[in-house]
Amino acid sequence: IDRAHTESYLDTATQSASVRALARMMGYQPNSRTAASATVTVSNSSSAAITIAKGTVFVVPATSSKAAVYFTSSAAATANSGASVAISLNEGREVTETLTSNFSGESGAAFLLSEKKAVPSSLSITVGTTTYSHTTRMFDVGADAPSFMSLVDSEDFTRVVLGNGVNGRVPPAGSTVKVTYRVGQGSLGNVAVNAITTMDSPVLHLAVASSTVASGGTDAESNAS
């Protein structure tokens, strides 16, 4: 009872999920984690053109004091024979998981993602062949809008919440619901020039020639903020 009372007021709340919920109740949407972006140049030493698929992962290798940082390509690119190509990257390792293969049809259904540190702007849900888009406030969307929102708990796990038929569409019963997102490191993704040096799955004849400074990565807003 004491803990519930403590978490009910901004002056005394200690859990980040409580602070975010209280802020949203007062009309303020706390800033979420964002991912850095960068460009990597890949050279092709073969005698034929090679296409680098969208979703290809590039890496800033780990050191004795820092964990590896992953970047994912945002579009496919082709490196011609003996030439180089610039590829746009977003920080984070991409994850795809099936939330349910037989949706119950309930309104306002919520699903917990399996990994921590999801980047909200990277979240995308598909229900059958329909793509649902992320919104920060379900109250802002119509009854049939294919939308969902996300909530982050105090352990940095994300829960996605689907519509209730008043705000946001309720997926049809029996649907397969899948989610794709990137797991990001926030401000740690703001790496230096030429820090991205390898491909997570090396391709014969392809090599990372250079990379730009990565910028734009931010951490989720703190409780104090």
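Select Asp156 and Arg33 to begin the tour of this predicted model: the side chains of Asp156 and Arg33 meet here in a salt bridge, with 2.6 Å from N to O. With the pair displayed, colour the chain by secondary structure, and Asp156 appears in the loop between strand E11 (147-152) and strand E12 (157-162), while Arg33 sits in the loop between helix H2 (16-25) and strand E1 (37-44), so that the contact links distant parts of the chain, 123 residues apart. Switching on a surface adds that Arg33 is buried, its relative accessible area being 12%, which falls under the 20% cut-off.

The structure holds four salt bridges, and two others are worth selecting next. Go to Arg169 and Asp144, whose side chains form a salt bridge at 3.2 Å, N to O. Arg169 belongs to the loop between E12 and strand E13 (177-183), and Asp144 to the loop between strand E10 (130-134) and E11, so this pair ties together parts that lie 25 residues apart in sequence. Arg169 is partly exposed at 23% relative accessible area, whereas Asp144, at 52%, counts as exposed.

Then select Arg137 and Asp140, where a further salt bridge joins the two side chains at 3.2 Å, N to O. Here Arg137 is partly exposed, with a relative accessible area of 35%, and Asp140 is exposed at 53%.

Now hide the side chains and turn to the strands. Selecting E7 to E13 brings up an open sheet of seven strands in the order E7-E13-E9-E10-E11-E12-E8, with mixed pairing. Strand E7 (93-100) and strand E8 (110-116) stand at the edges, and because each has a single partner strand, one side of each is left without a neighbour in the sheet. Looking along the sheet, one can follow a twist that averages 30° from one strand to the next. Within the sheet, zoom in on E10 and E11, which pair in the parallel sense over two bridges; His134 can be picked out there, standing opposite Phe148 in E11.

Finally, select the nonpolar residues. The largest nonpolar core has 22 residues, of which Val40, Phe58, Phe71, Ile87 and Ile196 touch the most other members. At least two residues of this core come from each of E1, strand E2 (50-52), strand E3 (57-60), strand E4 (69-73), strand E5 (77-79), strand E6 (84-91) and strand E15 (206-211). A second, separate core comprises 18 residues, and a selection of Ala109, Phe111, Ile125 and Val127 will show some of its members.

Methods:
Residues numbered from 1 in each chain as written. Predicted model: local features only at pLDDT ≥ 70, side-chain atom pairs only at ≥ 80, totals over all residues. Heavy atoms only, no water. Helix = DSSP H or I, 4+ residues; strand = E, 2+ residues; numbered from the N terminus. Buried < 20%, exposed > 50% of the residue type's maximum accessible area, 1.4 Å probe, protein only. Core = buried A, V, L, I, M, F, W, Y, C linked by side-chain atoms within 4.5 Å. Pairing = 2+ DSSP bridges. Axes fitted to C-alpha atoms, helices over the stretch in contact; angles between N-to-C directions.
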